[in-house]
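Please look over the sequence and the three-dimensional view below before reading further. The report is meant for someone meeting this structure for the first time.

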Amino acid sequence: MYPFVITGLFKSTAFENVSEVTGYVGTVSTTPNSNSTTYASYPTDNFNSTPPTVNNISTVITVNDNATLLTTGHASGTENIMNATIYFSNVPLNNISILNLTITPNYPYLYDKVNVTIEATASLTKSGNVYTMSFSTYTIEDNKHTGFGSSILELQAAGYHSTGNYPLPILVNATGIGYIALVDFGIWANYTVVTVGGYDQYNIPFSNVYPFRAVVIPPEFSHILNDSTISSFSPFCLGQEYISVKAPDDVLYTNATANPINSPTVNGLYDMNVPPVYNSTGYHIYIYNNGKLVNSLSGLFTLPQPPSIKPINVTIYNSTTKQYETKTVNVITNTTPFYYLNLSMQLSPTSSINVTPTQSQLDGISYVSGISVSIPPSELANTKIVISYIDSDYAVYYYFNNTKGYELNYTITFNGSAVPSLTTPHTAPIYANYYNVSIKDGFYSGPLGSILKISTTSVEPAVYLFYPGATQGIYVGNLTNVTVTFANGTTVNIRLTNNNLSSIIPNLELSEDTSCSGVFTTEISIPGLESVLHVTGQQLNGSTVKISYMDNITGKTVTNSTLLYLNATLQKPVHNGTVDFIITTIKEVSITQVEVGRIPVKILTQPEINITDPSYAQTNPTSITYLTTNQVTITSTDGYKVTIMYNSTTDTTNATVYKLNTTTGKYMYMMSQKVSGDALPLIPRYSVAAPYYIGSPLNIEFTPGSTTNPYPNMSIVSNGITLNLGLPVQDFVAPQIRLQNGTVVNETVNSTVTVQVSDGIGDHFSAIVYITPASEAPLRISPDGVYVPHNPALYNGTMGNMSETFVYSKPVQITSGNLVLDLNVTPVINYPFFVYMQGEVHEGYNASVSSAVLGVATGFTYDPFFAPGVSLPVSLNLGGISGLTSGHTYTVYVQAYSYPGGPVMSEYPITLEFANVTYV
C-alpha cells in the first residue's frame, strides 16, 4: 500500500458539548430551543481545558473522472482520488461497478484510529444512440455518509473519450483523540485562528466578534535553587526550598464538582494513550546513587499556584419548575501557569534512600505539593536527584519533539568534599573554667531547631542528629579524641569513653543555636580536663587542647585547637548589678485576700567587671583601648538562661532564651529575640597608667513597674540600641517575700552573668558578675504629726540607732474613753488598697520586743487615690486588749501589712516603736 497525500485547506469545528451556559447576560445554548440544568461551572463529559471535543475535521478534494466507450458496447473508466487511480474496466450496459477504499491518516497516533471509507461507483446506460457513463463517490465515516460527489459523461460512439470532475467533501470524526488530529493535521498551531459561536436565549445564532489565536508554548523553570550543589556550607534548611515550572499549555484544573472525566490529572483527556506522553507527564523524581537509579516517583500532579477558590452565584433555568434559580458554586479563579514542588531533603537514619510525595487538598482536590527525600549521611556524596517535568500538552510535544522542548530536567547534587567546621576559641583563660566548642554543618540544620546528641556508650563517642520531633537519631560522626600538648612539649591523648566524657563535656545534648543555622555548641570543662589528667590549672597554663571530629558524610576528620593560659587575671567584680524592688499589694480581692508582688522600680547599680590584660595594654601604652564583649550568658536561680551574642555578619544582637526542665535538669529552647546593631558594650581601659579594663558587660534597663503594670520586661541597652529579652525582670532578679509568720512565699531570685570578652590581639577572657535584688516597702508610718525621714542613713545613733525601728519615746497617753494610738501612713507609690496596721503591746517603758505580748491592736485605712505625698490618719485600737491597767506604761511595736498575717508593707521604719504609752 502506498501513502496518499491529501492536499487542501483543512478546517475544524469543535463543540464544548455544554448544553447551557448561564451568567449575567442570560442563557446561551449550543442547541436551538433547548434548556437544561447544566451550567458553565460544572463541565460535562467532553469539556477540558486542552482543546475540547472535535466533532469534525473537514476538507474538500477534487475527483477527476475519465470514460471511454469500447467497440463491444462496454465502457471503461477511471477515477483519480488523492493521487490514487480507481479502474473500472468493461462496465456492461445497465450495470453498476462498486469499489470501496478505506483511507487513514499516515500519522503514528492517528493511523488506523481515524478511518474514512470512500465508496466509488460507475454505471453505463444508453438513451437512443448516446451512451452515458455515470460516476458517483460517497465518503463514509462511522457508518454514516458524510460526503457525496458525482459526474455524468456522455459517450457519442465507440472510441469516444470524455472527462469530468467534481468536489468531494472529506469529513473526519476523531472521537477521543480529536486534539491529536488537530495538531497532526496542522490545524492547531501558533497560526491557528479560533472563533466561537452558538445560540442565545432567543434562538439567534451568534459568534464572537474578536477571534483569538492559538498559542503553543513549551514549559520553563520559573524558580530553581540558588545553588544546585548542596554542601555543608550552603545550608539547605529542611522544607524551606522549592522549584516551580511555568507551563502555560498544561491542564488548569476544574473544581472538585466537575465530571469525573475532568478530575485533576496531568494527562489531559485528549493527551492520553499517546506515547511518550501517556503516563509521563508532570513531575518525575529520579534518585541515582553511584550512577544507578535507586528510587523514583512518577506522574506527580500539582495545581497551578497559588490556587484560589472563589464562590460565585449563577442563575439557571429549571426546566421542571419553569423558573430561574440562583445557585452558589465554587470556582478555581486562579489561572496562573505556575506549578510548584516543595523540596524537603534531610538525612536518613536508615541505610536506604527514600522519596515520598507530600499530599495536599484544595476544595476536595488531592494533589502533590512537594516531595521529601531522605538520604543516609554516608551516601550523600554519591547521590544526585534529577527532577524532570514533562508538559502534558500534545501540541508542545509535537512541535518541540526534535529539541525535547516538552521536557525540563533539573539536577541536585551534594558536595561530599566540603567538611563541616569545628570551631573553638584561639585562646581560653583557665580561670573561666569553660570554653565553647561548636560544630557547624548545613546538612544538620532545621527550621525548628535540630539537636545533636553525643553518645556515652562507645569509645570515640558517636554523634547522632535528631530532627524536631524525631525519635530515632541519625549517626553523623564521632568525637574521636582530645589531645593536650603541655607547654613543655609533652602530649597526652585522651581516649574519650563513658568514664571521662561527661567530665570533659558536661553538656552532651547540643541544641541548634538558631533555626536553620546548622551550628551546635557545647562547652569544654577545664576542671574536667584537670581531673582526667590529674593536673592543676597552673600545670595547664600554656597547654594546647586539640579536639577532633570525624564526619560520617565525608569520612574526613576536622580538628581545632585552643591555647589555655593564665596571662590575664580576673579581679573581683567592681560591683554586682542591683535592682531595687518594692514588695507591695498589686491586686486586692478583699481586705483579707490580696495578691502581693515584687515591683521593680529602678536600677541601683549596673554590673561591672575588672579584667587585667597587660599584653593588650602594652600594644597601645598611651591610648585608651577596649575589650569587646562577645557573649553574655545570664543564668537565673528561677530556671531561666539567656545567651546574648552580637553577629557582625548580619549586624544583629541575638538573645536565645532557655527554660530549665526540672525533670531532666537540662535547659530547653524557649524563644529568640534580636535587634539590629550591637547591644553589648565595650569594656574600656581604666587609664593609660594601668592595664585594668573596667566596665559593664551589659547595661540592663526596664520601664519602672507599677501596681497596674507589675511585670515589665528586662532589656539590655548600648549605643542607643535596646534588645528586649522577652521575659519579666522578676525572672532574673527579685527579692524574697516572707509572711508575718515566717513562711516564705517567693524565694530570692539572683542571676549569674558569665561574660566572654576578647582583646585586639586574639586573647579571650571570661568573667562572672551577679545581679541581685534590693527591696523596700510602699508605706511609711509615723506618729501623728511627726515627720520620720525616709533614708535611715540620716539618723544618728541616738535617734534610731540606724536600725529599721524608729523609737518614739515622747509620752503618749490613752484613756478608757480613747484607747487609740494616732498614726499617719504615707505611700511612696500609688497604693489604692487597704492598709492594715498592727501593733504588739508589751508591758513597760521601751520594753524589749522579745518580752511577753499582752495583745495585738489593729487599725485600717483606705483611699482609692492614695498616692505619694498623701498622708492618711490611722487609729490603732487598743480596746480589745485585756489586762491594760491604769497608771501603767506600755510599749507598742507597730507595722503595716497588706493583709492580716501577710508580708510587711512598711519601709523605714519597718517598725514604729511607741516606747512611752501610759494608761491614765
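The sections below go from the whole chain to its sheets, its cores and a few single residues.

## The chain as a whole

The model shown here is a predicted one, and every value in this report was computed from it. The chain has 920 residues, of which 47% count as buried, and its secondary structure comes to six helices and 64 strands.

The accessible surface of the chain comes to about 42,100 Å², and carbon and sulfur atoms account for 51% of that surface. When contacts in the chain are taken between residues at least 6 apart in sequence, 64% of them join residues at least 24 apart.

## A four-stranded antiparallel sheet

Strands 7, 8, 9 and 10 make up an open sheet in the order 7-8-9-10, with antiparallel pairing. Strand 7 (96-103) and strand 10 (144-155) are at the edges and have a single partner strand each, so one side of each is left without a neighbour in the sheet. From one strand to the next, the twist averages 15°.

The pairing can be followed across the sheet from strand 7 to strand 10. Eight bridges hold strand 7 against strand 8 (residues 116-127) in the antiparallel sense, and within this pairing S97 has A122 of strand 8 as its bridge partner. Strand 8 is in turn joined to strand 9 by 11 bridges, again antiparallel, with A120 partnered by T137 of strand 9. Strand 9 and strand 10 also pair over 11 bridges in the antiparallel sense, and here the bridge partner of S136 is S150 in strand 10.

## Turns and burial around strand 9

Strand 9 takes part in two hairpins, one with strand 8 and one with strand 10. In the hairpin of strand 8 and strand 9, two residues lie between the strands, and G128 in the turn has a positive phi of about 70°. In the hairpin of strand 9 and strand 10, two residues again lie between the strands, and D142 in the turn has a positive phi of about 55°.

How many of the 12 residues of strand 9 (residues 130-141) are buried? Nine of them are, so strand 9 is largely enclosed by the rest of the structure.

## A five-stranded mixed sheet

A further open sheet has five strands in the order 17-27-26-19-20, and its pairing is mixed. The edge strands are strand 17 (229-230) and strand 20 (292-300), each of which pairs on one side only. Strand 17 runs parallel to strand 27 (residues 407-414) and is joined to strand 27 by two bridges, and I230 stands opposite F414 of strand 27.

## Nonpolar cores

The largest nonpolar core has 68 residues, and those that touch the most other members are I285, L347, I385, I412, Y444 and L540. Apart from that core lies another, of 46 residues, which includes I81, I118, W188 and Y397.

The surroundings of I385 can be listed in detail: leaving aside residues up to four places away in sequence, I385 touches I285, Y286, I287, M345, V373, I375, Y410, T411, I412 and F414.

## Helix 4 and its ends

Helix 4 covers residues 526-533, and its buried residues are I526, G528, L529, E530 and L533. At the start of helix 4, a side-chain oxygen of S525 comes to within 2.9 Å of the backbone nitrogen of G528, while just after the helix H534 takes a positive phi of about 60°.

## Single residues in loops and strands

Most residues other than glycine have a negative phi. K404, which is not a glycine, nevertheless has a positive phi of about 55°. K404 is placed in the loop between helix 2 (394-399) and strand 27, and counts as partly exposed because its relative accessibility is 47%. N719, likewise a residue other than glycine, has a positive phi near 55°. This residue, N719, is found in the loop between strand 50 (713-718) and strand 51 (721-728), and with a relative accessible area of 62% N719 is exposed.

Is T656, in contrast, buried or exposed? T656 lies in strand 45 (residues 652-661), and its relative accessibility is 7%, so T656 counts as buried. Not counting residues up to four places away in sequence, T656 touches D513, T514, K641, V642, T643, Y669, M671 and S672.

Notes: Residues are numbered from 1 along each chain as its sequence is written. This is a predicted model: local features need pLDDT of at least 70, side-chain atom pairs count only at pLDDT 80 or more; totals for chains, interfaces and linings use all residues. Side-chain values use heavy atoms; hydrogens and water are left out. Two strands pair if DSSP finds at least two bridges between them. Buried means under 20% relative accessible area, exposed over 50%, partly exposed in between (1.4 Å probe, protein chains only). Contact means heavy atoms within 4.5 Å. Axes are lines fitted to C-alpha atoms, for helices over the stretch in contact, and angles run from 0 to 180 degrees between N-to-C directions. A polar contact is a pair of N or O atoms within 3.5 Å; within protein, one must be able to donate a hydrogen and the other to accept it, and residues adjacent in sequence count only if both atoms are side-chain atoms. Accessible areas come from the Shrake-Rupley method with a 1.4 Å probe; for residues, only the protein chains shown count as cover. A nonpolar core is a set of buried Ala, Val, Leu, Ile, Met, Phe, Trp, Tyr and Cys residues joined through side-chain atoms within 4.5 Å.
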